[in-house]
Amino acid sequence: MDISKSAAYLLIQNCQVWLNEKQLEENPAQQRREIFIGKGELKQKLKTILSEASCEEFDFSPRERRIYIIVLLIREKHVQTHEIMERFRISRNTCILDFAGVNRILNTFRVGYTAGNHGYALMGEEYDIYRLSLWVTSKIFSELYPKNYEMAMSLFEFPKKDIEKIYQMLGNAARQFELFASREAMYTFCACCTLVSGRLRLGHWISEEMIPGYYQMSTHNYRVRNILFQIGVVGAVLGKQEADEGRQGLAECLARMFVCVCEETGDDLASVPVKEENFVNDAVQIVQRFEMYIGMLFEHKEELKKNVTLSLKCILLRKKYGFRVCNSLAREVKKHYIHIIRLTQKSVEGIPGLLGSLTEEDCVLLSINFLGGMLKTRRVTVHTPHILVVYGGNSDISVLLQGQIQNLLPGARVLTASLFQDLIRFSEYMDIIVSTIPIEIQGIPVIVVNTFLTDYDKDRIKKMIEHKISGDEDLLRFFKDFARMSEEFIRLEDRIYLRHKMEEYFKINRVKINYGTERRQGLKDLLTENRIRIVDSVTDWQEAVRMAAKPLEEDQSIDPAYTEAMILSVVNLGPYIVLSPGIALPQARPEAGVRTLSMSLLKVKKRVYFTKEKYANLFFVLASADGSSHLEALRELSAIFSGEAAYDRFMKADTVEKLHQLIL
């Protein structure tokens with residue numbers, strides 16, 4: 001909300017008063033800075049009350065106020081300052097600041113406002129105002145109030161009867177003409193229609209000449225325009241207005257709006273002036289490049305390619321028609337998955353068939369598809385092959401081979417090196433070497449191939465990679481176990497990154513996994529009472545890690561260097577040790593100073609923040625002397641925290657004995 005901590009506390013107190021008035025009491029066990037209502041009748045009652053809330057009793061945030069002001073500017077002939085002040089119960093200075101924020105939004109659509117004796121009035125080309133109308137309704141129904149359409153209509157005073165009337169018409173179109181659209185797309189479009197209808201009542205008409213590219217592009221939406229005419233949507237928007245002159249222009253704008261909002265929400269209605277196979281080819285290249293950069297293969301690749309193709313269509317429509325539609329996921333993706341956006345940008349660079357350069361907003365739309373594909377890929381499906389291309393005198397040959405191998409194995413990591421370099425150092429982490437000249441390096445297979453790979457060459461490379469990957473069954477079993485154990489604590493992209501780091505470590509140190517039948521030490525063996533500590537607070541996360549590791553240093557299970565290695569690991573890689581809110585698992589490489597397998601636990605009553613969003617109260621220090629002895633304890637820890645209430649139980653335990661009992 002972009003407010004101070006004091007303002008947040010005051011807001012929480014006001015919410016508590018309101019909840020008590022509505023007989024919706026928050027959980028008394030929560031701290032004064034938090035409000036919690038569990039699933040059940042209370043939450044359902046709260047949803048019902050909010051869905052029926054009117055704008056008079058609602059306390060709008062600054063962002064919501066500015067969106068509301070835009071709706072009023074589109075809907076009304078003039079908007080007066082005192083009207084805004086009374087409606088939102090704000091001061092004149094706050095009102096001026098809000099209009100300044102509104103002006104910045106309007107400028108992105110080449111629209112502005114004039115200020116006169118009668119108040120503020122919208123100014124600009126009517127087509128640009130239509131673009132603004134679609135954006136603002138999608139902002140309300142997709143981002144501010146997703147899936148809470150009743151509340152959105154009530155708060156922003158959209159005419160519910162008119163929206164339901166047009167919604168019913170679109171429902172008939174789905175059955176009669178197979179013009180299917182999602183619920184979100186239909187509500188966004190219907191609400192936008194009411195804003196357009198209001199513009200017509202104010203006398204603002206749009207003709208064919210005012211629509212960019214009307215005569216060149218209108219044929220591509222001819223079917224949708226016809227359907228909107230036949231089912232009565234165009235007539236409903238016109239209302240009692242009779243103007244044959246502007247009907248075709250209005251129908252074209254409505255068709256463009258409907259197609260754009262449907263494409264954005266995943267419904268392919270568009271017939272765009274680009275060959276379908278061009279989109280498919282671009283989508284295939286983008287997916288293959290993304291797989292290469294992320295180091296995994298998608299399980300549902302055909303579905304992903306279809307979705308990426310649809311997104312490319314959507315991006316083309318954005319560029320051609322100028323309509324922007326808010327995506328409810330875009331903001332969260334920008335906030336939490338910026339590295340996925342960067343990989344997506346890298347994946348689309350240099351693709352010759354792609355129309356124009358893609359903006360960051362376009363890449364966000366593609367990133368959502370990849371995140372969905374990663375979530376559906378429940379396990380890491382590929383070991384990243386590491387292939388070294390060795391060349392003699394001409395480096396161009398190595399580049400040529402590198403490209404061919406990359407096309408053959410899109411998920412592989414292919415590097416090049418000169419024959420005159422120290423190739424022994426590559427043997428530590430490379431699976432195979434590919435070269436056009438016979439060479440011999442101890443400990444790594446070499447495949448001699450032609451400059452232009454034959455089918456026989458390709459087959460040999462594939463078989464050798466498959467053999468290398470499947471050679472260590474225990475290692476593959478470990479990675480599968482790790483993926484299964486960590487999926488509840490670690491996000492998928494973090495698990496992938498962590499797996500790559502472990503693979504690299506195993507190769508360099510030649511670690512072997514041995515799944516034997518001997519009994520392994522569990523949590524109750526490792527986490528004894530003398531290794532558990534409780535403190536009220538710490539100055540920072542570094543102190544927390546040091547205090548958590550102190551019991552292991554005292555009984556000489558680890559060296560002090562291991563503690564510093566754990567801290568350095570977080571400094572270099574970020575707070576990856578925070579497995580879930582409140583729980584951290586500090587660890588480092590065994591060679592950093594582990595003497596024997598051991599664990600310790602520090603509970604800090606006050607949250608210890610690594611970043612503004614990531615924090616921990618429970619620090620489980622894990623020190624493993626090899627690659628497998630700690631797995632049993634890790635499985636047990638995973639089982640303990642598989643339930644939602646486990647963290648709360650640990651936080652309520654106020655003595656070492658009670659904490660130890662939870663582990664047993």
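Q: Where should I start, say with helices α4 and α5: how do their axes cross?
A: This is a predicted model, and in it the axes of α4 (residues 81-88) and α5 (residues 92-107) come within 10 Å and cross at roughly 105°.

Q: OK, so what does that make α4 relative to α5?
A: Roughly perpendicular, because an angle of 65 to 115 degrees counts as that.

Q: Which residues make the contact?
A: On α4, Thr81, Ile84 and Met85 do, and they meet Arg92, Cys95 and Phe99 of α5.

Q: And how do those split by class?
A: The contact of α4 with α5 has four nonpolar residues, one polar and one charged.

Q: Switching pairs: what about α8 and α9, how do their axes cross?
A: Helix α8 covers residues 160-177 and helix α9 covers 183-201. Their axes come within 9 Å, crossing at roughly 130°.

Q: What does that make α8 relative to α9?
A: That angle makes α8 oblique to α9.

Q: Left-handed or right-handed crossing?
A: α8 passes α9 in a right-handed crossing.

Q: Which residues of α8 and α9 make the contact?
A: From α8 you have Asp162, Ile163, Ile166, Tyr167, Leu170 and Gly171. From α9 come Arg183, Met186, Tyr187, Phe189, Cys190, Ala191, Cys193 and Thr194. By class, this contact divides into ten nonpolar, two polar and two charged residues.

Q: Now the strands. What's the order in the five-strand sheet?
A: The order is β7-β10-β11-β9-β8, in an open sheet with mixed pairing.

Q: Which strands are at the edges?
A: β7 (532-535) and β8 (578-580) are the edge strands, and each pairs on one side only.

Q: How much are neighbouring strands turned against each other?
A: On average by 25°, with direction ignored.

Q: How many bridges join β10 to β11?
A: Eight, between β10 (residues 598-609) and β11 (residues 615-623), and the two strands run antiparallel. One pairing to look up is Lys603, whose bridge partner in β11 is Leu618.

Q: Which strands does helix α28 lie across?
A: β7 and β10. Helix α28 is residues 656-663, and it runs at about 130° to β7.

Q: Last topic: what's the average pLDDT?
A: The chain averages 79, and 80% of the residues score at least 70.

Q: Where does pLDDT drop below 50?
A: Residues 270-274 are one such stretch, with 13 contacts in the model beyond near neighbours in sequence. Residues 378-382 also stay under 50, and the model has twelve contacts for them beyond four places in sequence.

Q: What should I do where pLDDT is low?
A: The predicted coordinates should not be read in detail there.

Notes:
Residues are numbered from 1 along each chain as its sequence is written. This is a predicted model: local features need pLDDT of at least 70, side-chain atom pairs count only at pLDDT 80 or more; totals for chains, interfaces and linings use all residues. Side-chain values use heavy atoms; hydrogens and water are left out. Two strands pair if DSSP finds at least two bridges between them. Helices (H or I, at least four residues) and strands (E, at least two) are DSSP runs, numbered from the N terminus. Axes are lines fitted to C-alpha atoms, for helices over the stretch in contact, and angles run from 0 to 180 degrees between N-to-C directions. Contact means heavy atoms within 4.5 Å. Angles under 35 degrees count as roughly parallel, over 145 as roughly antiparallel, 65 to 115 as roughly perpendicular and the rest as oblique. Ala, Val, Leu, Ile, Met, Phe, Trp, Tyr, Cys and Pro count as nonpolar, Asp, Glu, Lys and Arg as charged, and the others, Gly among them, as polar. A crossing is left-handed if the near helix is turned anticlockwise from the far one by less than a right angle, and right-handed if clockwise. pLDDT is the predictor's confidence in each residue, from 0 to 100.
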